[in-house]
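Biologist: I'm new to reading structures, and I'd love some company. Could you walk me through this one with a few questions and answers?

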Amino acid sequence: MIRNIEHITKSLIDERMPQWFNTLRIQGLSRFIETGIPAVSDPNWKYTDLEALKKLAFDVSENGELNEWELLNQFRNHKDINIVLLNGAFSVKHSDLDNLEKGVLVSTLHEAVKNNAPHIQERLTKYPMTDTAAFIALNQALNGPGVYILVDEKVVSNRLIHIIHVTHPGRQNFASMPRTLIVMEPFSEAAIFESHVAFGDSRTYFSNALTDIFMNENATLHYCKSQKESLKAFHIGHTRVWQERDSSFDGFSFMAGGRLTRNNVDAVLNGEGANARLNAFYSVNNSQHVDNHTSIEHRVPNCASNQLYKGILNDSARAVFNGRILVRPEAQKTNSYQLNKNLLLGSGCRVDTKPQLEIFADDVKCTHGATIGQLDEDEMFYLQTRGIGKNAASRMLAEGFLSDLLNTVKNAAVREKLNSLTRRSFEAS
Amino acid sequence: MSRNKIEKLQNEQTTENNTLSGRDYKYGFVTEIETDRIPEGLNEDVVSLISEKKNEPSWMRDWRLKAYRHWQTMKEPHWPNFQYSPIDYNAISYYNAPKKTTGKPKTMDEVDPELIKTFDRLGIPLTEKKRLAGVAVDAVFDSVSVGTTHQSELAKLGIIFCPISEAIQKHPKLVQKYLGSVVPYGDNFFAALNSAVFSDGSFCYIPKGVHSPLELSTYFRINAAASGQFERTLIIAEDDSYVSYLEGCTAPTRDENQLHAAVVELIAMNDAEIKYSTVQNWYSGDREGKGGIYNFVTKRGKCEGVNSKISWTQVEAGAAITWKYPGCILKGDNSVGEFYSVALTNHRMAADTGTRMIHIGKNTRSTIISKGISSDESNNNYRGMVKIMPSAFRARNYSQCDSMLVGNKCSANTFPTIEVNNNSATVEHEASTSRINADQIFYLVSRGLDTEGAVSLIINGFCKDVFKELPMEFAVEAVKLLEMKLEGSVG
């Protein structure tokens, strides 16, 4: 899949980097070689066939200059702090880091490693490589400079931080490995939006993103990952969230693009009183394939988690949802909620949904649900009797289907961005 | 079935033990009886020998051998969410028949009195005088059926209700046509094993337009040590017919694990309805998880005709491990599949059970109601699949899976899978897991109930959607069974 993977990993080993970081690459490589690309016989990949991805040969190196500066502006908003990565490389001239608030630190991840930022080694090696998923390992082996954001203790950042990963390679079959590390120090608060975008649908590429988020006690993070890649692109992304006491993670994923998209969000609730919200919206057309996996691990008592995943499928698009809630024996008084709703509008679309509850504590309240259906005939009829055309009526109902989900987003800036993104996706369909 | 009353009379001694030790297994006794037994081990000769002992035609033996050869190429599945000590398939005796019944008795009076007594003690009277009105019983003891009641009454209506070994002799065409048509021998590891070595079970054939006036029922009893039970049941309901079938099972208390691998196939033609109810109470092992039955069962119904209906109701309260997914293939247009289940685990039992609904025909509907109760250190899993095929226009499914946890060392897991390949389908699934509600217990206790009475009432309410599907006598039985199992779990 990746051309000369061993050679490339070796070439990425940098003597100026600390030894442990280079070791991480080697470990990632050997773990990836060990696991290989998962097949459909792997229960985690049962409904997502990677055969097409496997067949293509990707190159990691890319130094094409980006000339379509105007196109980039459609994603940027001057109210925000924009951090732009072009084909995986940090672009200083496109980013506006001068406006950073005091106590918010942004740099490339590699720089942070080189400068030995506090606890960075501990954080990057938090998850043992031995049971790491294939694509996380691949990112560990090949990741680019990446992004490092640290919000200092008791700092409340009011401006939205927008990380824009633009993939627009000069040639086909480029593989990008975005790596992001977000650290929220105690009592801090911030809103971070991470976008994966492309210019048009002409390029075939593979984006394998890995984002790690560490929430210290009482930290609050409003986070959104939005993804609208080229229609020929493959996107596999992992977001791992680690939560300490009384921290609050308000997360959202928006998936609209790519030939094949897989989005994993894993949260570990490791401190009492922590709460996690993982909501998502996916909207796919034609023969697009979107696969959402979530995993929430309740390790300690008195935590809450909420998941609401909604999707609209047109044409012959496919969606997969797999949500796992694990409640460890110690995690009493857990409150966990999960719901997956699918609206099937296309005649050839297909949904496979598989919620999983694994509960080892007794004093808990856990529920999950899944629905798959069409627009309500009575509602359609009502709108049509009021003189609203069929298309407008169905769009109205689809927007209604989505609106309660968007209302769960607490941060106004994040919500506004999501509103305009979803509106665009409705217009497209 | 007034099994309870009879138990009261017969088990005075055991009842005493029950009150002393909290909740003992009432059916744990062993019947001392001479048996015709094939030595432990499994090979082609054993398969042929079973076939020979049952005096089967050659096509049956060939089918068994084919299944055996296929089984050898298969691997034991380990995807269920429990661990168990490995099964040594060569340490099991695959055929155990009470000696005196080797020649099939013609009437109940000829049945070995020792066996009649055993079934009496289990609450299943077989003799003419005592037998239950309204329920025809086929009693299976280890590898053979020892007697079937009410056969002549049923025959008048054209209903065939007999042990499957008898059906192979007397109705070979029907058996040959339908055996393996819903669960082929290669379906899974345990179905293949069963197909090779199955011993007895029931065969029911309901002709066109007949509503069976009696409940048909089979009672399975494992008695012999180091043996397994491999029953095979086949029910065929022709156009416009109706049958309600009940199944019960128990086994002696032993320290070793015994294997039970059954296959049940149901076929419903146009407008036919089959209602299949199970109260499973195999010996589940002791408090430390020693002993008990390994229950690996493949049950599947096929709604072949239009407007047909198959309904599964199960109360799973026994067995050390349970691996069971009664399913429906909804092939006929407008056909209906239902699954109602209560699975209770205590001590160190593990249950991985649920259903599969495969929608193929148009306007097919299915309902799944599953209630799991886990207590002590047990592990209770719901695993289900709803699959809507591209041809199933306007298919509907509603699933509800609730789990209740009683005690803080148990676990409850839910693994539903929904695959929708047709956009006109409507599928709804909901599941919840929670602890038995302390406020409700408090309320009931404040009204003068003791804690156990309160728990029992709450559990009853929790399971009522399932119990109301059971025939009345069975429902009473099921309630008692759960009460007995949960005694001492709370407090």
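Modeller: Happy to! Let's begin with a definition: rings of Phe, Tyr and Trp (its six-membered ring) pair if their centres lie within 6.5 Å, and planes over 60 degrees apart count as edge-to-face. Keep in mind that this is a predicted model.

Biologist: Thanks! By this rule, how many aromatic pairs are there over all chains?

Modeller: Each pair has to meet that limit on the distance between ring centres. Taken over all chains, the count of aromatic pairs comes to 29.

Biologist: What kind of pair do the rings of A:Phe135 and A:Phe206 form?

Modeller: Their centres are 6.0 Å apart, and their planes stand at 80°. Planes over 60 degrees apart have a name of their own. So the pair A:Phe135 and A:Phe206 is edge-to-face.

Biologist: Where in the chain do those two rings sit, and how many residues apart are they?

Modeller: A:Phe135 belongs to helix α7 (residues 134-142) of chain A, while A:Phe206 belongs to strand β9 (residues 205-215) of chain A. The pair therefore links distant parts of the chain, and A:Phe206 is buried with a relative accessible area of 0%. The separation between A:Phe135 and A:Phe206 along the chain is 71 residues.

Biologist: Now for chain B: are B:Trp323 and B:Tyr325 stacked or edge-to-face?

Modeller: The ring centres of B:Trp323 and B:Tyr325 lie 5.6 Å apart. Their planes are at 80°, so this pair is edge-to-face.

Biologist: Is B:Tyr325 buried or exposed?

Modeller: Buried means under 20% relative accessible area. B:Trp323 meets this at 4%. B:Tyr325 has a relative accessible area of 15%, so B:Tyr325 is buried.

Biologist: Which cluster do ring pairs link together in chain B?

Modeller: Ring pairs join a set of residues in chain B, among them B:Trp323 and B:Tyr325. The whole cluster is B:Tyr68, B:Trp71, B:Trp79, B:Phe82, B:Tyr84, B:Tyr89, B:Phe189, B:Phe190, B:Tyr294, B:Phe296, B:Trp323 and B:Tyr325.

Biologist: Let's turn to charges. How many salt bridges does the structure hold over all chains?

Modeller: Side chains of opposite charge can pair when their charged atoms come close. One of the salt bridges joins A:Asp14 and A:Arg16 at 3.1 Å, N to O. Over all chains, the number of salt bridges is 44.

Biologist: A:Asp250 forms a salt bridge with A:Arg277; how many residues apart are they?

Modeller: The closest N and O atoms of A:Asp250 and A:Arg277 are 3.6 Å apart. A:Asp250 is in strand β12 (residues 248-255) of chain A and A:Arg277 in strand β14 (residues 275-284) of chain A, so the pair links distant parts of the chain. A:Asp250 is buried at 7%, whereas A:Arg277 is partly exposed at 22%. Along the chain, the separation between A:Asp250 and A:Arg277 is 27 residues.

Biologist: Which helix holds both B:Glu166 and B:Lys170?

Modeller: The side chains of B:Glu166 and B:Lys170 meet in a salt bridge (2.9 Å, N to O). They are four residues apart, about one turn of the helix. B:Glu166 counts as buried at 17%, and B:Lys170 as exposed at 56%. Both lie in helix α7 (residues 164-170) of chain B.

Biologist: Last one! Which residues gather in a patch of negative charge on the surface?

Modeller: One of them, A:Glu377, lies in helix α8 (residues 377-385) of chain A. A:Glu377 is exposed, with a relative accessible area of 69%. The patch consists of A:Asp376, A:Glu377, A:Asp378 and A:Glu379.

Conventions: Residues numbered from 1 in each chain as written. Chains lettered and ligands numbered in written order. Predicted model: local features only at pLDDT ≥ 70, side-chain atom pairs only at ≥ 80, totals over all residues. Heavy atoms only, no water. Patch = residues over 30% accessible without salt bridge, like charges linked within 9 Å, V, L, I, M, F, W, Y side chains within 5 Å. Areas by Shrake-Rupley, 256 points an atom, 1.4 Å probe, with all protein chains shown as cover. Salt bridge = Lys/Arg side-chain N within 4 Å of Asp/Glu carboxyl O. Lys, Arg positive; Asp, Glu negative; His and termini not counted. Charge placed at Lys NZ, Arg CZ, Asp CG, Glu CD. Buried < 20%, exposed > 50% of the residue type's maximum accessible area, 1.4 Å probe, protein only. Phe/Tyr/Trp six-rings, centres within 6.5 Å; stacked < 30°, edge-to-face > 60°.
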